[in-house]
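Please look over the assembly shown below, with attention to its sheets, its protein contact and its DNA.

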2 protein chains.
Amino acid sequence: MADVAERAGVSPSTVSRTLRGLSTVSPQTRARVEKAARELSFAISRSASSLVTGRTGRVAVLVPNLDSWFLGAALAGLAPALNAAGLDMLVYSVTTAEQRAEFFDRLPARRNADALLVVSFALSPRERARLDDLGMPLVFVSQHEQGRAGVYVDDVEAARRGTRYLLNLGHRRIAYLEPADPSGFAWSSRARLDGYREALAEAGVDRDDELVRRVADWQGPSLDAAVGRLLSLAEPPTAVFAETDDIAFRLLTVLRGVNVPVPARMSVLGFDGHAMAEPWDLSTLAQPARRLGEAAAELARQVIQDSATHGERHVVLPVELVPRGSTGPAPGARDDGEKGEEDARNRG
Amino acid sequence: MADVAERAGVSPSTVSRTLRGLSTVSPQTRARVEKAARELSFAISRSASSLVTGRTGRVAVLVPNLDSWFLGAALAGLAPALNAAGLDMLVYSVTTAEQRAEFFDRLPARRNADALLVVSFALSPRERARLDDLGMPLVFVSQHEQGRAGVYVDDVEAARRGTRYLLNLGHRRIAYLEPADPSGFAWSSRARLDGYREALAEAGVDRDDELVRRVADWQGPSLDAAVGRLLSLAEPPTAVFAETDDIAFRLLTVLRGVNVPVPARMSVLGFDGHAMAEPWDLSTLAQPARRLGEAAAELARQVIQDSATHGERHVVLPVELVPRGSTGPAPGARDDGEKGEEDARNRG
DNA sequence: CTGAAAGCGCTTACAG
DNA sequence: CTGAAAGCGCTTACAG
């Protein structure tokens with residue numbers, strides 16, 4: 001910066017003011033400084049400036065993994081939005097206990113990032129306390145907590161709508177497949193399961209916990225086992241609600257392999273709005289992952305600007321049911337609408 | 001740091017030495033300092049230390065998007081490996097011309113990151129020049145360039161092997177589907193197409209550019225059009241080699257929709273080793289995306305350590321053909337091996 | 001093995 | 001509108 005000052009024939013103070021866009025610089029001076037900076041390909045040292053301002057211009061993002069569709073989409077929304085706000089994005093993917101200890105031990109200091117975005121990550125009480133200790137402004141993404149800034153969807157309501165949709169198709173035996181999270185790192189609210197149960201209760205369908213099965217998160221045989229259990233019940237389900245599209249995809253594969261036609265014999269409904277849901281013709285509850293990321297960036301900006309009032313900023317984004325070919329009427333269901341049509345046809 | 005020094009009854013110099021793990025600190029002093037630091041939840045300010053050392057402890061990663069399977073997997077390998085080396089990961093997703101100008105204008109200064117990883121991103125000559133000007137150490141990931149550190153796979157060889165596999169199944173009319181990159185941001189070497197052509201030439205199959213079609217990168221109707229073209233040729237293909245698994249997935253969907261059985265009437269081979277390839281039963285050339293990321297982290301470390309000798313570090317990782325159900329013998333092909341078996345069976 | 005002092009490259013009152 | 005000076009929180013020779 002001293003070089004730029006010399007070349008432009010001004011003081012470092014003036015260079016600093018010019019480069020930060022302060023208005024208290026005369027146009028001629030500004031022009032000279034900008035020219036000098038360009039000629040020297042000068043780029044400011046964030047380290048030095050953050051040392052004095054106390055702001056780093058950086059936001060840390062904590063995620064439980066990086067190779068899931070949801071996180072990719074959320075980051076794809078988050079990154080440009082942060083950059084547009086002049087913030088850099090530091091990504092920490094914490095998947096092992098060791099990394100976890102490291103992260104909370106070393107990284108979160110207020111001085112190394114202006115805010116921490118916690119994305120679908122289940123903080124322990126101790127971790128929470130440590131972050132608060134450090135005065136780290138927090139934004140929760142795809143999860144929420146009282147008195148904390150957060151952006152998420154209404155899982156209960158969405159799951160309720162999804163379940164109602166299946167009920168409306170005449171299904172009464174509706175199974176629910178939830179992912180087991182072996183690491184326990186991912187945040188889970190059980191909200192989707194709650195929504196599922198509420199919708200069944202509303203419709204007067206008896207709760208049957210045999211229909212709720214937990215399956216290993218990614219690949220592995222436990223899905224086959226779950227399907228086996230469901231198909232061998234005295235009264236097997238005619239529809240399955242999968243807590244994530246990833247599970248739904250695997251389920252579709254298993255069903256195809258064991259010659260259970262979808263949706264003729266089994267309807268399948270997913271949750272996420274995964275990019276592959278359309279090619280798979282999977283009915284799903286689409287959540288706006290990208291927009292969650294964008295909203296998170298906006299919250300981050302606000303929380304950094306005044307960390308006082310950030311407590312109660314909650315942004316809830318909508319989930320849309322996208323009906324596709326993987327769901328259909330329950331086999332043998334007495335669907336009055338369809339019946340009516342048939343009658344009409346027969347009369348015609 | 002001054003607080004810690006006071007609490008431990010030592011000088012800041014000693015605190016600094018302790019925290020950096022220098023051996024020139026007596027065990028008792030070290031213990032006292034560490035205790036004090038813990039009690040104050042002290043975390044060092046990277047800004048201050050990088051101001052004096054000239055190192056930021058950060059690596060910038062430039063990607064053309066964030067929501068593709070490949071980048072997710074690569075980042076999933078990269079992030080923990082960088083963290084393990086004590087480096088933070090700054091992610092820049094540059095997808096529009098505006099972001100692109102911003103990035104090269106503002107961010108890459110040597111002082112704000114110790115190295116830049118360029119992942120599948122096509123730099124313009126001017127951008128290259130600017131980065132060199134700034135003395136930014138570069139590592140190319142999933143792309144390569146003479147005299148530059150890089151980690152990638154041998155696309156030519158892999159595509160050659162994939163094509164040979166189809167040839168060995170008796171296919172002679174093999175189409176090739178390549179993605180169109182509307183933004184032009186993604187790096188492309190044409191290497192896979194070259195490998196495909198080489199294998200055909202080796203086998204004495206005439207080159208037919210009617211069989212090579214470019215399709216829009218993501219969704220959209222252009223794939224249907226391409227399939228229409230192929231199926232309406234005088235001599236339609238019996239196999240399709242898709243440059244990416246994403247294209248292959250969409251192709252499988254289209255083929256199913258138009259009642260072309262796979263692989264009976266059409267074999268489909270992908271490229272990537274996408275996580276969904278197994279559930280889709282898609283034959284593919286699997287590249288080790290995660291390991292590419294890990295290797296990139298290692299290269300970054302080396303390049304930072306001595307930027308002098310980083311020129312010629314090239315790491316080439318292997319691609320494996322994973323045959324699955326989407327590929328089979330060409331219809332009507334005279335496969336001597338199978339013929340032999342049939343004869344044997346008939347004799348038995 | 002430990003400390004005092006200088007300095008990294010900025011920003012920010014304070015003068016003018 | 002501009003400059004001189006102090007200081008942000010570290011690290012690093014230099015002494016001892």
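The report that follows treats domains, sheets, the contact between chains and the surroundings of the DNA in turn.

## Model and domains

This is a predicted model. The domain assignment of chain A gives domain 1 at 2-44, domain 2 in two pieces written as 54-152 + 290-316, and domain 3 likewise in two pieces, 155-286 + 321-331. Between domain 1 of chain A and domain 2 of chain A, the C-alpha centres are separated by 34 Å.

The UniProt record, an unreviewed entry, places the feature "domain: HTH lacI-type" at residues 1-53 of chain A. In the model, residues 1-53 of chain A are 68% helix and 0% strand, and the C-alpha atoms at the two ends of this stretch lie 17 Å apart.

## The sheet of chain A

Chain A contains an open sheet of six strands with mixed pairing, in the order β7-β6-β8-β9-β10-β12. Its edge strands are β7 (212-216) and β12 (320-322) of chain A, each of which pairs on one side only, and the twist from one strand to the next averages 20°. Within this sheet, β8 (residues 239-242) and β9 (residues 267-272) of chain A are parallel and are joined by three bridges; Val240(A) has Val268(A) in β9(A) as its bridge partner.

Helix α11 (residues 245-257) of chain A packs on the sheet, where it touches β6, β7, β8, β9 and β10 (283-286) of chain A, and its direction makes about 155° with that of β9(A). Helix α10 (residues 222-231) of chain A lies across β6 (174-180) and β7 of chain A, and runs at about 160° to β7(A).

## The sheet of chain B

In chain B, an open sheet of six strands has the order β7-β6-β8-β9-β10-β12, again with mixed pairing. The strands β7 (212-216) and β12 (320-322) of chain B form its edges, each pairing on one side only, while the twist averages 20° from one strand to the next.

Strands β8 (residues 239-242) and β9 (residues 267-272) of chain B run parallel and are joined by three bridges, with Ala239(B) standing opposite Ser267(B) in β9(B). Helix α10 (residues 222-231) of chain B lies across β6 (174-180) and β7 of chain B, at about 160° to β7(B).

## The contact between chains A and B

The contact takes 40 residues from chain A and 38 residues from chain B. On the side of chain B that touches chain A, the elements giving two or more residues are α4 (46-53), α5 (69-84), β2 (88-93), α6 (97-106) and α11 (245-257) of chain B. The largest share of this side comes from α5(B), with seven residues.

Which classes of residue make up the side of chain B that touches chain A? It divides into 18 nonpolar, 13 polar and seven charged residues.

## The surroundings of DNA strand D

DNA strand D is surrounded by 23 residues, of which the closest are Thr29(A), Met1(B), Ser16(B), Ala48(B) and Ser49(B). The elements that give two or more residues to the surface near this strand are α2 (12-19) and α4 (46-53) of chain A, together with α2 (12-19) and α4 of chain B.

Which element gives the most to the surface near DNA strand D? It is α4(B), with five residues; α4 of chain B is also among the elements that give two or more residues to the side touching chain A. By class, the surface near DNA strand D has eleven polar, ten nonpolar and two charged residues.

Conventions:
Residues are numbered from 1 along each chain as its sequence is written. Chains are lettered from A and ligands numbered from 1 in the order in which they are written. This is a predicted model: local features need pLDDT of at least 70, side-chain atom pairs count only at pLDDT 80 or more; totals for chains, interfaces and linings use all residues. Two strands pair if DSSP finds at least two bridges between them. Helices (H or I, at least four residues) and strands (E, at least two) are DSSP runs, numbered from the N terminus. Axes are lines fitted to C-alpha atoms, for helices over the stretch in contact, and angles run from 0 to 180 degrees between N-to-C directions. Two residues are in contact if their C-beta atoms, placed from the backbone, lie within 7 Å. Ala, Val, Leu, Ile, Met, Phe, Trp, Tyr, Cys and Pro count as nonpolar, Asp, Glu, Lys and Arg as charged, and the others, Gly among them, as polar. Domain bounds come from an automatic or database domain assignment. A residue is near a molecule or strand if its C-beta atom, placed from the backbone, lies within 6 Å of it. UniProt positions are given in the numbering used here, feature names are shortened, and annotations may be inferred rather than shown by experiment.
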